[in-house]
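Dear colleague,

I am handing over the structure below, together with an account of what turned up when I went through it. Please read the notes with the model open beside you.

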Amino acid sequence: MGRVATAHGGEGGDETFARTRTNMAGKATLHNGQLRENPHAHHFYIDGKIYDFAEWRCIHPGGDMFFSAAFQRDISAAVHAYHANPEALNPILAKYEVELPDKEPHDFLASYMNVPQFILPPDFDAVRDVPQYDWDKKFMSVLRSKLRKPELQRKIKRADFAFDVVATGIIMLHYFLCFPAMYFGLVPCWVFIMGQVLTRTALAAVGHYHCHRRKDGVHDWADCFFDVQYVGASEVLFDGHVMLHHLYTETPADVKRTVFTFVLTLPRIWRVPLFTMTKFGEFFSGHLVRIRNFEFRTRSKAQRFKEAQLIAFRCVMLAEFFWACLCSRWQIWCLQFFCTVWLNMFLIVASHDFEVVREDQSYVGLDWGIFQIQHALDTYITGVQVVDLFLSAGLSCHRVHHCLPYQKSGFANIVSLPAVKSTCEEFGVEWAPARNLILDRWFPLMWYYLTAPAQVPASPAPIQTGGPGIWGFVKEHMVLRDYRRAVLSIWWSFTGATI
């Protein structure tokens, strides 16, 4: 597999490690009072200029939540790539441009982008390490001209509607399995387990795409289902996934590269049971506590509505567990929980070549479209895209999704695929074959992350806890501080310790 980049937290996979490091370091998140004290709480960096969006964020059609943690960041890519017609934003940008006295625009950028330091590589500096795209390059303008054709726009609109119809059907099937089928024993145990794993993974795909939609609780009505596979954390994914992973894909600023940091710190024999227990703690009580303690920055009506949705959904997930206990089938529930968690954990890192280390690569003057095509992976299981889309938690048409992150559904990506491929042909960009999700990605990643020596992040390479070889394997299981940290992490997962 080669050396794997190790560090994570923001994408929802290794939040326990985030809590561990945060509590041990005595750090805390920015709360409303601290934001009010920050003179740059409404300042954003776009194409070398500073903008004050204190007014605009309240009337932004996409909702104000995307601005919540992105102040003092370079959000140039959000302007150019998250809008179908970014040129239409020029009058708005001209209205809100400001100059900071005695300060160059890049000097005000937050070095760690308002996220905990440990989810980014050692020695990270946003001024240096955030990718810089050249928006004058023509790939995206050519692609957008194809997508604007009325006939294709109609197909995309129908695809979005069909996606939500199918999503509704999967939701109904999921809750049929959770409640009536569970109570009356309508299906064999193995069918229930397999059905739960499949519906939860499929609904993660639904939540995945809804997470990118307008944040008002209506257009993104299903984004909570990003959490149904017990891995996601929708209260932060609008930032960690949408604003950090997609804008900074496979660069040092991409927090998704660090999914398995906490897993790799654990001794190999105890890695699976300890991590599974932390995920159960987060599911059982941790996330509910976190949502209740989470301070939305402006407390707008849409944000309060979204908070109520998150809490209600978490309560429904708990009801599934307690219903299984009431039906005396808690063992079956636990088996589906285990299978769902570990399948989806490895799906998180299967969508990119995170195991390929690219620290020496320059991230300046990039063409957005070409870079996204080259640094995202399409995967398949059955070979039928509309089916694989759900079986893969939304990863089967992943390159189009990264190239056009504003699109509302996986079906829209499938409809847009011919236009993207033809544009690649025009620009001489290789369209690599899709990879088998199970054989080429899931199994190799599982083998590596479950058998790699216990290690901690460091620069230029991780430090092994016990060292190489058989003796290193023995020594890593004798480090008492690792067990103490694991026990604390489980405790924090139940108590909802926040970062």
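For what follows, a cavity is a set of grid points where a 1.4 Å probe fits but cannot get out, whereas a pocket is an open set of points with protein on both sides. Please keep in mind throughout that this is a predicted model.

The protein chain has 22 helices and nine strands, and of its 499 residues 58% are buried. Among the contacts between residues at least 6 apart in sequence, 77% join residues that are at least 24 apart.

Turning to the empty space, a search of the whole structure gives four cavities of 30 Å³ or more. The second largest cavity holds about 50 Å³, and its lining consists of Met 65, Cys 211, Lys 215, Asp 223, Ser 234, Glu 235, Phe 238, Lys 306 and Leu 310. Two or more of these lining residues come from each of helix H11 (234-245) and helix H14 (301-326), with H11 giving the most, at three residues. Sorted by class, the lining of this second largest cavity is made of four nonpolar, one polar and four charged residues.

The largest pocket has a volume of about 1,000 Å³. Its lining counts 36 residues, and those nearest the centre are Gly 62, Tyr 82, His 83, Ala 84 and Tyr 406. Among the elements that contribute two or more residues to this lining are strand E1 (43-46), helix H4 (76-81), helix H7 (139-147) and H11, but it is helix H8 that gives the most, with four residues. By class, 21 residues in the lining of the largest pocket are nonpolar, eight are polar and seven are charged.

Strand E1 deserves a separate look. In a regular strand the side chains alternate between the two faces of the sheet. In E1, His 43 and Tyr 45 point one way while Phe 44 and Ile 46 point the other way, and all of them are buried. E1 runs antiparallel to strand E2 (residues 49-52), to which it is joined by four bridges, and within this pairing Tyr 45 has Ile 50 as its bridge partner. Two residues lie between the strands of this hairpin, where Asp 47 takes a positive phi near 50°.

Two further loop residues share this feature of the backbone. Most residues other than glycine have a negative phi. Glu 250, in the loop between H11 and H12, nevertheless has a phi near 55°, and Ser 328, in the loop between H14 and H15, has a phi near 60°. Is each of them buried or exposed? Glu 250 counts as buried because its relative accessibility is 4%, which falls under the 20% cut-off, whereas Ser 328 counts as exposed because its value is 58%, which lies over 50%.

Finally, helix H20 (residues 437-451) offers a check on geometry: at 1.5 Å a residue its 15 residues should span 21 Å, and the end C-alpha atoms are 20 Å apart, so the two values agree. The buried residues of H20 are Leu 437, Arg 441, Trp 442, Leu 445, Tyr 448 and Tyr 449, and they pack against helices H12 (261-265), H13 (271-293) and H15 (330-350) as well as strands E6 (379-380), E7 (435-436) and E8 (455-456).

With best wishes

Note on methods
Residues numbered from 1 in each chain as written. Predicted model: local features only at pLDDT ≥ 70, side-chain atom pairs only at ≥ 80, totals over all residues. Heavy atoms only, no water. 1 Å grid on protein atoms, 1.4 Å probe; cavity = no way out; pocket = protein on both sides within 12 Å on 5 of 7 lines; lining within 4 Å. Points joined across faces, edges and corners; volume = space filled by probe spheres on them. Nonpolar A, V, L, I, M, F, W, Y, C, P; charged D, E, K, R; others polar. Buried < 20%, exposed > 50% of the residue type's maximum accessible area, 1.4 Å probe, protein only. Pairing = 2+ DSSP bridges. Expected span 1.5 Å × (residues − 1). Contact = heavy atoms within 4.5 Å.
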